[in-house]
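Subject: Structure handover

Hello,

Here is the structure I promised you. Please open it next to this email and follow along.

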Amino acid sequence: MQDQDLSKKLKIRDHTGERLLTEGDFPIVVSGSPAAAIQVLGLSEKDEAIYIELSEGRLHVRAAEMGVTVWHNRLKLKGLAELSNGDTLSVGSCDIELLAHDDEIIFRVSGADHTSQLAPPEVAPPVQPREIKPIPFRTGRQRPKPPPFLRWLVWAPLGLMLMLLAVSAWFVFTASQVVVRIDPAPERISMSGSIITPRLGGYYLLRPGEYTLRAFKQGYYPLEQSISVAAEKSQTVLLVMEKLPGMLTVEVYPEGQPAAFIEGAQIYIDGEEIGVTPLKAVEIKPGQRRLEIRAKKYRALQTFVEIEGGGTLQTATFSLAPAWGTLTIGSVPAGANVRVDGDLFGKTPLLLELMEGTRRLELSADRYKTWQAQVEVEANRHQILGEIRLQPADGKLALRSNPSGASVTVGDTYMGRTPLQIPLHPDVEHIVRLSKPGYERIARKVKVPSAELRKLTINLTPRVGIILLVVEPEDAELLIDGEPKGAAPEKLRLISVEHQLEFRKEGYKPFRTRLTPRPGFTQELRVALDRQLVQKIGLPLVIQAANEYTLKLIRPKPFTMGSSRREQGRRSNETLRNVVLKRPFYMGTREVTNREFREFLEGHNSGAMKGKSLNRDDQPVVQVTWEQAALFCNWLSAKESLPPVYIKRGDKLVAAEPMGTGYRLPTEAEWEYSARFTSSKATMKYPWGDNFPPPPQSVNVADLAARGIVAYYLENYDDGYPVTAPPGSFRPNELGLHDLGGNVAEWCHDNYSIYSYSARMVYFDPSGPLQGKHRVVKGSSWKHASISALRGSYRDYSNGKRSDLGFRLCRYLDELPQKK
């Protein structure tokens, strides 16, 4: 109620006087019932006009919705309205005015009793006295008293009435006033649970106990509600009736064809499929619903429908736009197979119906090249591709050389190495050239018919040079390209390619050299082995691979991999792990270069980055997969007759078990130990130490030199290299290893996984899980500048090539037997 203070007294003032109201008297019922707080004469006892309510300190009036017209300030009252000082409510001949005074609020009722005042009787004129003359009469007999049983019949109903009045009074004073509000108003309502459940206007008088209320209304589910009536003076029950579902029929037709219905279209309501067309009279909950229609070859339709409910039958009609177009295609010759996105549709000439979008079209015929193209199909549009002229199929040349591995070119195009199969334009003469270091170049003219295979084997002529050997001691063993040849002879005939010669004898330091024989010229090589004083027989500190790649012996100690949660830059995959590396290992002192990798895979290109080459011979190799790096290791092992570490299992390259002594990629544990080693244990945070940023000229990372190539870089550091630097350009760590931070990130042997933490678990020589989709990548690169990526414990993973990802070599070398 506006402008009023409801801490004041509330009263009703009518022709009977004033009555004080309490909060328990609300709502005030205005009706034709004598039991109503305000009775309106002229209404039947069942007719309720309004309810005056008290809610949260405010007065409201609500129409009772029983067909009685109520005026609020001369306006027809509909629903709920708030009352203010001076408001007037009119019901029939009754007016209720709201008056707010300093200490009280009064509902002044006028016209409710319809009492009319009677005029006093007129006074008759005085009458002149007349003489009264007696006349003779006879006294009658006195009326006899009724018998006792008749007197009982007279008094018994009166006593019964008084008893009923007493019981009624007791019921009224001990019952609770229960106001029942149901939305929407029901057509019929009943209350059971007691012998009497009187309803007075808008409320029931009920004794404390359990009752069942039932309500009925057309278009709604019957309502049945249990009600617990307490000993309170009044309580209000608010209930809502649930509307019956509606019935929905859906009709779907093609756009522009209202007479042609689409059958089998899937209908979804609020994401749940309810059936397919024709869909008739399906029950749907009332309210706004999201409707979706899906049909093959048509665009899906989404919209909203308002379901009336209450059993009402609604019909919704929709049109779907086509999602296909047509395409006419032919070929020369005719009869070519037509495939769309790999599926065979028929033979040319052909009319196709295709769904809109980009489609891969393919024509194929025997002895002709397959024709392929991408076609943009537009909905509701016809396209004509015309006749496609197919070209005769290539011939194939199966080419072998003796020895194999010769480079093959056709014209100016490099085709690969022998043995290989080459497609050639049919019935045209081609010049096929073969070349192999140490052998004469050779060229052949070749013509191959269309769609036929021709086999050709070419013997290469070696170019040989002579090497004269003078060796001390004379019985020293000779290894050529890692292959033992017995005692060194006086003269060697070698193919004119670079060879590695190794001379060794127990008790002497081995000697290695590389030379290239020259055809037509005799060369002399003198070798004198130095004696070696051996105090302790064991593993050499440094070894060289067949390609002169250097590795250093690492004798690791137990250490903890990963990082603690408090370390700045830590990532969630850097779980702390206790590791013991029991086997000593050899770690490459630097990363593998482009020159070294191209000895294995001729023609490899590491590419460039924004005009800066990554492909120079002295730069580290990048743009290599893990499999290519592993195969390089096997290739180098074969040169030294070492067992390969990686073997084929199905279509995958996996590590042999147990891991042999061949060349391999370092395990993640070996790599992290080598990168974090300081003094006597592996604890360094960064490969250069524990402080950030790195000291000058200590590591190749993203810096001022890389500005304009990478987005983020160190502004206070300049290593002089915008991209990769030659391996070994920066000073080594305490183990004598270069570039374990920066330059390029490096492939590791392990499959990638995230490990759970266990303070008591110890990992012995871990090499990762047996299976995985990715391989571990360790170390930062020339692209990195963040604290997180530059740390030694940083873990990454990949399954493809990167412009900043290379590798280095590692291997085991078993201890030599102890001399007696």
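Below is what was found, topic by topic.

**Ground rules**

This is a predicted model: local features need pLDDT of at least 70, side-chain atom pairs count only at pLDDT 80 or more, and totals for chains, interfaces and linings use all residues. Residues are numbered from 1 along each chain as its sequence is written, and side-chain values use heavy atoms, with hydrogens and water left out.

Two terms come up throughout. Buried means under 20% relative accessible area, exposed means over 50%, and partly exposed lies in between (1.4 Å probe, protein chains only). Helices (H or I, at least four residues) and strands (E, at least two) are DSSP runs, numbered from the N terminus.

**The cores**

A nonpolar core is a set of buried Ala, Val, Leu, Ile, Met, Phe, Trp, Tyr and Cys residues joined through side-chain atoms within 4.5 Å. The largest one has 55 residues. Trp747, Phe807 and Leu809 have the most contacts inside it. Several elements supply at least two residues each, including β49 (550-554), β52 (585-588), α3 (626-639) and α4 (668-676). The largest share comes from α3, with 6 residues. Another core lies apart from this one. That core has 26 residues, among them Ile12, Ala49, Leu83 and Ile105.

**Helix α4**

Look at α4 next. Here 9 of the 9 residues are buried, so α4 is largely enclosed by the rest of the structure. The buried residues include charged-type names such as Glu668, Glu670, Glu672 and Arg676. Trp671 and Tyr673 are also among them.

**A four-stranded sheet**

Two strands pair if DSSP finds at least two bridges between them. Which strands form the open sheet, and in what order? There are 4, in the order β48-β49-β52-β64, and the pairing is antiparallel. The edge strands are β48 (542-544) and β64, each pairing on one side only.

Walk across the sheet. β48 and β49 are joined by 3 bridges. Gln544 stands opposite Thr550 in β49. β49 then pairs with β52 over 4 bridges. There, Lys552 stands opposite Met587 in β52. Finally, 2 bridges join β52 to β64 (residues 810-811). Met587 stands opposite Cys810 in β64.

β52 is covered on both faces. Phe585 and Met587 are on one side, Tyr586 and Gly588 are on the other, and all are buried.

**Leu614**

Is Leu614 buried or exposed? Its relative accessibility is 0%, so Leu614 counts as buried. Leu614 lies in the loop between β54 (612-613) and α3. Contact means heavy atoms within 4.5 Å. Not counting residues up to four places away in sequence, Leu614 touches a set of residues that includes Asn594, Met609, Val723, Trp782 and Ser803. Pro426 makes a useful distance check: Leu614 and Pro426 are 188 residues apart in sequence and 40 Å apart in space, C-alpha to C-alpha.

**Salt bridges**

A salt bridge is a side-chain nitrogen of Lys or Arg within 4 Å of a carboxyl oxygen of Asp or Glu. How many are there by this rule? The count comes to 40.

Start with Glu440 and Arg463. Their closest N and O atoms are 3.5 Å apart. Glu440 lies in the loop between β38 (430-435) and β39 (442-446), and Arg463 in the loop between β40 (453-459) and β41 (464-472), so the pair ties together parts that are 23 residues apart in sequence. Glu440 is partly exposed at 39% relative accessibility. Arg463 is partly exposed too, at 33%.

Next, Lys505 and Asp475 meet in a salt bridge at 2.8 Å, N to O. This pair ties together parts that are 30 residues apart in sequence, because Lys505 lies in the loop between β45 (499-504) and β46 (511-515) and Asp475 in the loop between β41 and β42 (477-480). Lys505 is partly exposed, at 27%. Asp475 is partly exposed, at 47%.

Arg664 and Glu670 form a salt bridge at 2.9 Å between the closest N and O atoms. Both residues are buried.

One network is worth finding. Salt bridges that share partners join Lys11, Arg13, Glu18 and Glu104.

Best wishes
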